[in-house]
Amino acid sequence: MTEPLLATHGLTAHYGDFQALFGVDIKVEEGETIAIIGANGAGKSTLMRAITGLLPSASEAVRFRGEAIGTLPAPEILERGISMVPEGRKLFPSLSVEENLLIGAHAREGNGYWTLERVFEVVPVLRERRHHPGTALSGGQQQMVAIGRALMSNPDVLLCDEVSLGLAPVVIKEIYGSFPQIKGSGAAIVVVEQDIGQAMKVADRVYCMMEGWVTLEGCPADLPRDAIHNAYFGVNA
Amino acid sequence: MIWIDTILQGVLLGGLYALFAAGLSLVFGIMRLVNLAHGDLIVLAAFVILIIMSSLGLGPFMAALIAAPIMFAVGWALQTYVLNRVLGDDILPPLLVTFGLSVVIQNGLLEVFSADSQKLSAGSIEAQSLTLGPVAVGVMPLLTLVMAVVVILALNYLFFHTALGRAFRATSDDAVTAGLMGVRPDNIFAIATGLAMVVATISALFLGIRANFDPSIGPARLLYAFEAVIIGGLGSLWGTLVGGIIIGIAQALGAAINPAWQILAGHLAFVLILLFRPRGLFPRAND
């Protein structure tokens, strides 16, 4: 049996003495879209931080393409093909829109699907505002820059941490509207979402987390509403 | 007429101070590190140039060309093996380490070269001057100012028109997120300190040709550099040039009134500007 593209095995993570993840197992196959849902404090963003090397973990706890990557620092994780759209966008204020996108290709330049032109084709307004500071755009446009920046490294796995947070429904629809093209480029997508409905629409498989544990997993169509409610809130519906 | 000449000499002296300050500004701008050993590293570079001159029989300009990559390596190694280990949220450890480094460099140079004053001899160019209308301008001071402008133009080009500069600015904004983009902050910091040491070598060249130097003069050079950086606005390279020139003019005017007031006048100008513009003349918007 072949190994999944990306997998965590009994992943734990700590902030000082506080344990935030308790033996989390997830797997992501080539080209899949995975949603990780859960309330605030469930450990979703911590999981993203541990996978991308921002939080230390055991070497074998994270495997990518058969390689143990749990102890690698963030730049080496990106070089292997995992990039992240961080929560809160985290655009660089000193850089223009174009420079924010180009910095995404800093370590993985090449002839991949995603180029500056391709990002501008998907979001034409960014071409018009390419020389503006990234942080001078609207929230939705900034989020598209953050997604474009992560795509510029032509990742095999794109991690999106709360991309819809604080945005208007019409903007969220626009952002998720770009996902089929991202998927078409060959990247697997992992979406961290609090919005269950949105997550169910885009995901091939869903993991629900609560207080650092995975409480439910499965295909959206197979998961009863009550089971999701229980796993999300930890109470009986 | 004598005042025009005095101000002009001050502007030219400001070029030297701007060179002192450019390296400090570069390092502070990228990693928010105040390198208290910067003045001593300039003096170290001057001694490296001196050694190359005496051992290879070269002039100071050629010797500086050889010293520059050596000093880049010194800066890279210093950042990689010492300063990167103490950089963090607390600004005190790097301050203490660079202060200690300053003491070590001064005493090391004293041990090796003694307290004797040294000079980099550039030959007849040192005495040459140009007549610009009513005033005469020394070729070397003019060259120093021109070099300060060239260095700042080059650093600005690097910062705003190259991939490395983009990585410098991204790391300066947010080193953690830059890491997520594949930028290695430790490596970026090491390159930045290496570049600062190249600039320190250029300033050492002009310092050594203009005046005598010995192992103890580093802290005063640091002080002028620091004042120039703060007057200009932390992290602004053009502001650093303006800051250097303001200190240069203030010192020249002070010396014209009374030679004993030269240094004091520079410090007074610094204090006055801090009183009215506490963030300097050209502060960065996101500082």
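1. Start with helix 1 of chain A. Its buried residues are Lys44(A), Ser45(A), Thr46(A), Leu47(A), Met48(A), Arg49(A), Ala50(A) and Ile51(A). That makes eight of eight, so the helix is largely enclosed by the rest of the structure. Bear in mind that this is a predicted model. Just after helix 1 of chain A comes Gly53(A), with a positive phi near 85 degrees.

2. Next, the loop that follows. Leu55(A) sits between helix 1 and strand 4 (62-64) of chain A. Is Leu55(A) buried or exposed? Neither label fits: Leu55(A) is partly exposed, because 19 other C-beta atoms lie within 10 Å, while a buried residue needs 20 or more. Setting aside neighbours within four places in sequence, Leu55(A) contacts Ala13(A), Thr46(A), Arg49(A) and Ala50(A). Three of these names recur from the helix: Thr46(A), Arg49(A) and Ala50(A) are among the buried residues of helix 1 of chain A. Pro75(A) lies 20 residues along the chain from Leu55(A), and their C-alpha atoms are 13 Å apart.

3. Now the four-stranded sheet of chain A. This sheet is open, runs in the order 2-1-4-5, and pairs in antiparallel fashion. Strand 2 and strand 5 (67-68) of chain A form the edges, each pairing on one side only. Helix 1 of chain A packs on this sheet and touches strand 1, strand 2 and strand 4 of chain A. The direction of helix 1 makes about 70 degrees with that of strand 2 of chain A.

4. Look at the pairings inside that sheet. Strand 1 (residues 6-15) and strand 2 (residues 18-28) of chain A are antiparallel and share seven bridges. One of the partnerships sets Ala13(A) against Leu21(A) in strand 2 of chain A. The two strands make a hairpin with two residues between them. Gly16(A), in the turn, has a positive phi of about 65 degrees. On to strand 4: three bridges link it to strand 1 of chain A, again in the antiparallel sense. There, Leu6(A) faces Phe64(A) of strand 4 of chain A.

5. Chain A also holds a six-stranded sheet. Which order do its strands take? The order is 6-7-8-3-9-10, in an open sheet with mixed pairing. Strand 6 (82-85) and strand 10 (213-218) of chain A are the edges; each has a single partner strand, so one side of each is left without a neighbour in the sheet. From one strand to the next, the twist averages 20 degrees. Helix 1 of chain A packs here as well, touching strand 3 (33-37), strand 6, strand 7, strand 8 (188-193) and strand 9 (205-210) of chain A. Against strand 7 of chain A, its direction makes about 145 degrees.

6. Two details of the six-stranded sheet. Strand 6 and strand 7 (residues 157-161) of chain A run parallel and are joined by four bridges. In strand 7, Leu158(A) is the bridge partner of Ser83(A). Helix 10 (residues 225-233) of chain A lies across strand 3, strand 9 and strand 10 of chain A. Helix 10 runs at about 40 degrees to strand 9 of chain A.

7. Turn to chain B. Chain B has eleven helices and two strands. Along the sequence, the pattern reads α-α-α-α-β-β-α-α-α-α-α-α-α. For 287 residues, a compact globule would have a radius of gyration near 19 Å; chain B has 19 Å, which agrees. Its C-alpha atoms fill a box of roughly 60 × 50 × 35 Å along the principal axes. Buried residues make up 50% of the chain. Of the contacts in chain B with a separation of 6 or more, 74% join residues 24 or more positions apart.

8. The core. The largest nonpolar core has 164 residues. Which residues have the most contacts inside it? They are Ala45(B), Ala46(B), Ile49(B) and Ala192(B). Helix 8 (residues 185-210) of chain B gives the largest share, 17 residues. Beyond residues up to four places away in sequence, Ala46(B) touches Leu120(B), Ala204(B), Leu207(B), Gly208(B) and Phe213(B).

9. Last, where the chains meet. Chain A puts 23 residues into the contact, and chain B puts in 17 residues. On the chain A side, helix 2 (74-80) and helix 3 (97-103) are the elements that give two or more residues. Helix 2 of chain A gives the most, with four residues. By class, that side has 13 nonpolar, five polar and five charged residues.

Definitions and conventions:
Residues are numbered from 1 along each chain as its sequence is written. Chains are lettered from A and ligands numbered from 1 in the order in which they are written. This is a predicted model: local features need pLDDT of at least 70, side-chain atom pairs count only at pLDDT 80 or more; totals for chains, interfaces and linings use all residues. Two residues are in contact if their C-beta atoms, placed from the backbone, lie within 7 Å. Ala, Val, Leu, Ile, Met, Phe, Trp, Tyr, Cys and Pro count as nonpolar, Asp, Glu, Lys and Arg as charged, and the others, Gly among them, as polar. The radius of gyration is taken over C-alpha atoms; the globule rule is 2.2 Å times the number of residues to the power 0.38. A residue is buried if 20 or more other C-beta atoms lie within 10 Å of its own, exposed if 12 or fewer, and partly exposed in between; C-beta atoms are placed from the backbone. Two strands pair if DSSP finds at least two bridges between them. Axes are lines fitted to C-alpha atoms, for helices over the stretch in contact, and angles run from 0 to 180 degrees between N-to-C directions. A nonpolar core is a set of buried Ala, Val, Leu, Ile, Met, Phe, Trp, Tyr and Cys residues joined through C-beta atoms within 7 Å.
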